[in-house]
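Reader: I have a model open and some terms to sort out. Can we take them one by one?

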Amino acid sequence: VSEVLPRGRRLPRVLVVDDDPTMRLLVGEALEPGGLEVEEASDGVQALGAFRRQPYDLVLLDVRMPGSDGFAVCEEIRKAPGGEDVPIVIMTGLDDLDSIRRAYEVGATDFITKPIPWLVLSHRVRYLLRASEEARELRRSRERLANAQRLARMGSWQYDFATSELEVSPELRGIFGVGEEEAAGLAEFLGRLHPDDRPAAEEAARRCRVEGAPMHVDHRIVLPDGSERVLVTQARLVRDADGTARAFEGTAQDVTDRRRVEEQIRWLAYHDSLTGLGNRMLCHDRISLAAAQARRSQAPFGVLFLDLDHFKRINDTFGHTEGDRLLQGVADRLVTSVRDTDLVARPESPPAISRLGGDEFTVLLTEVADVRDLAKVARRLLEVLQQPFSLGGHEVVITGSIGIAAFPADGEDADTLLRNADAAMYHAKEKGRNNYQFYTASLNAVALERLILESRLRSALERGQLEVYYQPKLGAGRVAGVEALVRWPDPERGMVMPDAFIPIAEETGMIGALGAFVLRQSCADRVRWSALGLPPAPVCVNLSAQQFRAGGVVEMVERTLAETGLEPHWLELEITESMLLRDEKLVVEALRRLRERGVRVAVDDFGTGYSSLAYLRSLPVDSLKIDRSFIRGIADHEDEAALTAAIVTMGHALRLCVVAEGVETRGQRELLERWGCDELQGYLFAHPMPSADLERWWRTNGRS
Amino acid sequence: MDDYLPKPFGREQLREALARWLPKSPFDAAPIPSAVDDAVLDGIRALNRARGDVIVARVVTAYLATAPGQIEEIRSSIEEADAEALRFVAHSLKSSSGNVGARGLRDLARALEEAARAGELGVAKDLASRLDEEWARVRRSLARLPGVTA
């Protein structure tokens, strides 16, 4: 019975329509034992009423009935909801061929002749029910497939080799813009193929047919309205049982929208959205590609690295919106000028310009005769840059510095070429900006690193990216002072320590600005701590010999104190022992004047400069900081312990406050305290920390 | 077709079927045909081993209840010269008579139906005159069946 259950578990319902009660009775008796539910109607009106109330799974219909005959009833049932695909079996006399013919015309599914073989009827009906259920399932599955194809914008097709007939799904017609009425032979579909893509598609089809390779082609089609679509066509070979290739069976999917989105994503990944130029990644790829080609062709090419001079000032003066406009303007000029350059041997591959970020641009020049051409382009770029820009109603003139690296002399891969062009650009800045420089081997790695560091430091200083950290000194169980230590959190290198950049700052004169910044920040912080109610303890700021040599230190300190409102006795200036020895007069004179104002003075790194303690006596100094190299050994080496103990004792004898720095262990602390060292500083107590952290630390540890 | 043998059939069923049609003796060559073909009723019985007689009784009872009305209608439609009505009612009688094995009556009804279709009411009238006698034979045969109420 289960095989005849079409839907769920309910019994299949059969309607028997006949005006003859014996017929209805017999049909019922014949079918009910087979698990069918039989209902009766004695005429067409009853039958239609019953069917419209609830469609049946099968209808057995007598032809000759008073009122509307079986044909009319059959037609009506076909129109009723649920009636379009119900099996309708016409019961008719064997002699009545006309009826059988008409029955099919009005949509009957099958006929059965009278006298009806009762035993066979049940099987006949069950067979029809199953066939109808299968047909329904097939139709549902076709609908699902059609829906899926519509959603995926995918059509299917089959091409028979023997008959040259192409069968296509309605979706494929839709995709190819072939109307339902139009002929749909192979020619119609091939005719839509984009002429440029046709050879590849035909080759793939050939390989599929000859070699049996599955076909997978991306190609365009041109619709009747002229628009282009991108399709992925896939096909496989259908073989007979004996292996003979019989047909292609395939799908075509419209991926235009997907490709567009993919292209957009790819564009975004490789381009700078502000200027539309290539970004760093594209620049890198382009250079790599050029290098690969140049290795084959042996033709040189070059990378120009352009950085605008003082671009930050533009942003500061006119705002970022105008700054962005300027960058766009620069991009436009670069594009225009390199396009117009007669050096471009092949107009179809113009020099590739990229914006690496900020105000850094690169120009990749391939197909150059020799490196002098690179210089020519660089000169040209510098010229066009210098035409005034109109920004916020003002005429602005901007210049740039260009570094040039040439393949293969200055590098054979993208990373090296970019790095060396960048280094050469720094060199151009060094040479006074608004010029170009070739990379040369003399810009060796160390010099280069310095150059780069210097440039970055300058920019960090200009942008206020340096920070002041503080490390507490402890004495007599309280915070006796905090030492200001400058830090450079570089976005690319991480935290840069003063050892790495103070010497550069000193050499380049940046130390003046740097020192002034640290002093101002320290004084301002000290004033703020007082306002926050943190205990009074001087802030100690290091001064560099350069600052003394440049002159104006005293005035600078005074001005800073005045402007920040810090009492002088809360400021301690630290100078190194070596400074005292080298620039004795200059330094001593300045310190004396500062001390007169109430500023305290400490000698840093004591013990490294051969100065005698006796000499210290004549200097304007309040405290002595023993160099960390002594402290390191005191717990383990008796000599150093003895020496340090002696320094403490003698410092005291000179009425100097003695400070030990670099205290890292309990052992060191115990010894120093035993010797009566006044103040201790080191990781054992606290690392240098930003102002905010210090404030927290101070509240927690300040009393201990 | 006068009879049928549903497949699969056994030797016994074949023998029975042949026996129904082959002359038993030279003297039996032309027997008076019985009013009702038992084979048709057996076909109905075969639908249900347990309830076969009950089904036959129900069908035959229904037939006996409707046929007189149909015969009456045939006569009145001939009198009223309503060929269309005659055609329908003759068709119905043909169908139901066939169902109960009343072959004579069925053939008569079929002839009436054809006459009606051809518009030959005179022929129909001649045919109709034989209805009563045939119907009486059929009713006698069927009324004997177990469970049948006439």
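Author: Yes. Keep in mind that this model is predicted. Start with one aromatic cluster, formed by Trp157(A), Tyr159(A), Phe161(A) and Phe248(A).

Reader: What makes Tyr159(A) and Phe161(A) an aromatic pair that is edge-to-face?

Author: Two values decide. Their rings are 6.1 Å apart, centre to centre, and the limit for a pair is 6.5 Å. Their planes stand at 65°. Over 60 degrees counts as edge-to-face, so the name fits. Tyr159(A) and Phe161(A) are both buried.

Reader: Why does the pair of Tyr470(A) and Trp529(A) tie together parts that are apart in sequence?

Author: Tyr470(A) belongs to strand S18 of chain A and Trp529(A) to helix H17 of chain A, so the pair links parts 59 residues apart in sequence. This pair is also edge-to-face, with 80° between the planes and 4.8 Å between the centres.

Reader: How do you know that the charged end of Arg333(A) sits over the ring of Phe389(A)?

Author: The charged end is 3.6 Å from the ring centre. The distance limit is 6 Å, and the charge must also be within 35 degrees of the ring normal. Arg333(A) is listed as sitting over the ring.

Reader: Why is H3(B) called roughly antiparallel to H7(B)?

Author: The two helices pack at an angle of about 175°. Angles over 145 degrees count as roughly antiparallel, so H3(B) and H7(B) earn the term.

Reader: Which classes of residue make the contact of H3(B) with H7(B)?

Author: The contact has 11 nonpolar and three charged residues, and no polar ones. Among them are Leu64(B) of H3(B) and Trp135(B) of H7(B).

Note on methods:
Residues are numbered from 1 along each chain as its sequence is written. Chains are lettered from A and ligands numbered from 1 in the order in which they are written. This is a predicted model: local features need pLDDT of at least 70, side-chain atom pairs count only at pLDDT 80 or more; totals for chains, interfaces and linings use all residues. Side-chain values use heavy atoms; hydrogens and water are left out. Rings of Phe, Tyr and Trp (its six-membered ring) pair if their centres lie within 6.5 Å; planes under 30 degrees apart count as stacked, over 60 as edge-to-face and the rest as tilted. Buried means under 20% relative accessible area, exposed over 50%, partly exposed in between (1.4 Å probe, protein chains only). Helices (H or I, at least four residues) and strands (E, at least two) are DSSP runs, numbered from the N terminus. Axes are lines fitted to C-alpha atoms, for helices over the stretch in contact, and angles run from 0 to 180 degrees between N-to-C directions. Angles under 35 degrees count as roughly parallel, over 145 as roughly antiparallel, 65 to 115 as roughly perpendicular and the rest as oblique. Contact means heavy atoms within 4.5 Å. Ala, Val, Leu, Ile, Met, Phe, Trp, Tyr, Cys and Pro count as nonpolar, Asp, Glu, Lys and Arg as charged, and the others, Gly among them, as polar.
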